Amino acid sequence: MTLADVLYSAPGLLELLAPDSLGVLLNTCRRVRETLQETITSIRLPASSNDQLVNCQLLAHGHWPSLQHLSLMHLQLDTASVTELAAADWPKLQCLNMSSSSLEAAALLPLTSNNWQQMRSLDMSRCSVCSATLAVFASCNWKGLQHVNLADTQLDADAVAVLVKAEWPRLLSLNISHNPLQPPFTDHLANARWPLLTALDLSMPPGFRLDTTAVADLLKAERPQLECLLLHSSLEPSAALSLASGNWRQLKALHLCNNRLGASAMAHLVSASWPLLEQLTLSANNLDAEAVGHLAKSNFLCLTDLDLSSNNLGADAMQELAIGSLSRQLKILQLSCNDLNAIAIAHFVGADWSGLQSLHLVGSHLGASAVEQLVRGNFESLLCLDLSMNRLDTPALEQLVRNSWPKLQTLNLACSHMNVDGISQLVKGKWALLQSLVLAGNNLDSLALQQLVKGAWPQLQRLDLGYNCISIADIACLSNGSEPLVCLGENCFDPPVRLFGRRWSCLQAVILGN
């Protein structure tokens, strides 16, 4: 196999090389040069380089006809370097990532005046972007831009006034989250002419909120095509009524994390006319049983993904959740970081969860009695179960394996205080379709590992044993010698196909390390 054959069959290797190394390969031979030019679609300039200008020259002067993604993250972009890049002929370039870089408006002028007509995605998040910089991009000829990320860029209302002048008729998503935006930025935003905008992120940094007036300004813009709206840490409770009046008939995802809305605001939200809503995030919103009751009686008939994490919900809230029709339509349910004792779980499993595919109960104070109730539920379609960060002692695991979990593919038991006896119980379960098992952070040792390998895991592909007292030597001792043991870095063996015997023939990776 020649060098060209290796590069062609493993193109991911090329993305790890710095531009100067690519330059050396280009001069190796004609076949290698053609392979490089045909294969490379993504290049990232190294932030640690001492000679950025030389790297930019090597990159720009190389012929990369298939280049689609260019990353300039964590760089000090000066005029000379940007001028070199702007002269490059990359007819297929679609994505430019300048996240966390230092840039000035004057240095960007040559970049925006090039002929990259296929540009679709621009990421300037975590940069310091002033009105002058935005004016440069707003006037560029990248009329095909579809995705713009300006998160955490210190935007103010004046900068937004400049931003909305941009002629991006194909813009689909805009992220201006985590900026210290004050009124009247929502009034400016309402004047933007982006007829195809489907995703908008207005999440706020600490100390900034959207009041009723700001939300009303936001609703002035007719955006019936909006599908995804993110307002993390953004809303005052009084603004929920205005938000519910939004005429977003195509809205499919609404994320309202950390707004402390409460029951009164929830009563307004569930009155909204969003017939296509599929995903609703309400974590850390100070919800109680009354709020969950409003939600359970909502008319969101397409809702399949619900996040109620970090609301300190208990037995009363679980009883309300089980009463409504949500259990029969949800596919994904997040109940992590709530107070779910045995009584709460008993109420929860009283509903019909036969269609649920993913259940997350991370850090919810589950014990053996709660798990005993959980396994009584109807979870015949469940594919993913996350019980991490609960105290799952041996009796709890003994209860867990009593359910057959007929379709379960992912089981997360990380940081659950398991021991050798717990592993002995775990291997007694029927895990016919399990593909991923996470046991990280349980202080397991080689004795626990010896118990683990006794289990039958016919479909297991990924085993995470990180943050345990298990060493490479412990794993190596289990090898039957029929296949060499390969270590990726310090924490992953790949492929350990016969490492644990023929019953684990599908295993692809074992993760170790801290």
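**Exercise 1. Work out what share of the chain's contacts with a separation of 6 or more comes from residues 24 or more positions apart.**

Start with the term: a contact means heavy atoms within 4.5 Å. Next, take the contacts in the chain with a separation of 6 or more; residues 24 or more positions apart account for 81% of them.

Before going on, remember that this is a predicted model, where local features need pLDDT of at least 70, side-chain atom pairs count only at pLDDT 80 or more, and totals for chains, interfaces and linings use all residues. Residues are numbered from 1 along each chain as its sequence is written, and side-chain values use heavy atoms, leaving out hydrogens and water.

**Exercise 2. Find out how confident the predictor is, and where pLDDT stays under 50.**

First, pLDDT is the predictor's confidence in each residue, from 0 to 100. Over the chain it averages 85, and 87% of the residues score at least 70. Now look for the weak spots: pLDDT stays under 50 over residues 3–13, and also over residues 480–491. Where pLDDT is low, don't read the predicted coordinates in detail.

**Exercise 3. Decide where the buried residues of helix 12 sit around its axis.**

Helices here are DSSP runs (H or I, at least four residues), numbered from the N terminus. Buried means under 20% relative accessible area, with a 1.4 Å probe and protein chains only. In helix 12 (residues 262–269), that gives you Gly262, Ala263, Ala265, Met266 and Leu269. They're on the same side of helix 12, because they cover an arc of only 165° around the axis, taken from the directions from the helix axis to the C-beta atoms. Finally, check the cover: it includes helix 11 (240–244) and helix 13 (289–296).

Definitions and conventions
Buried < 20%, exposed > 50% of the residue type's maximum accessible area, 1.4 Å probe, protein only. Helix = DSSP H or I, 4+ residues; strand = E, 2+ residues; numbered from the N terminus.
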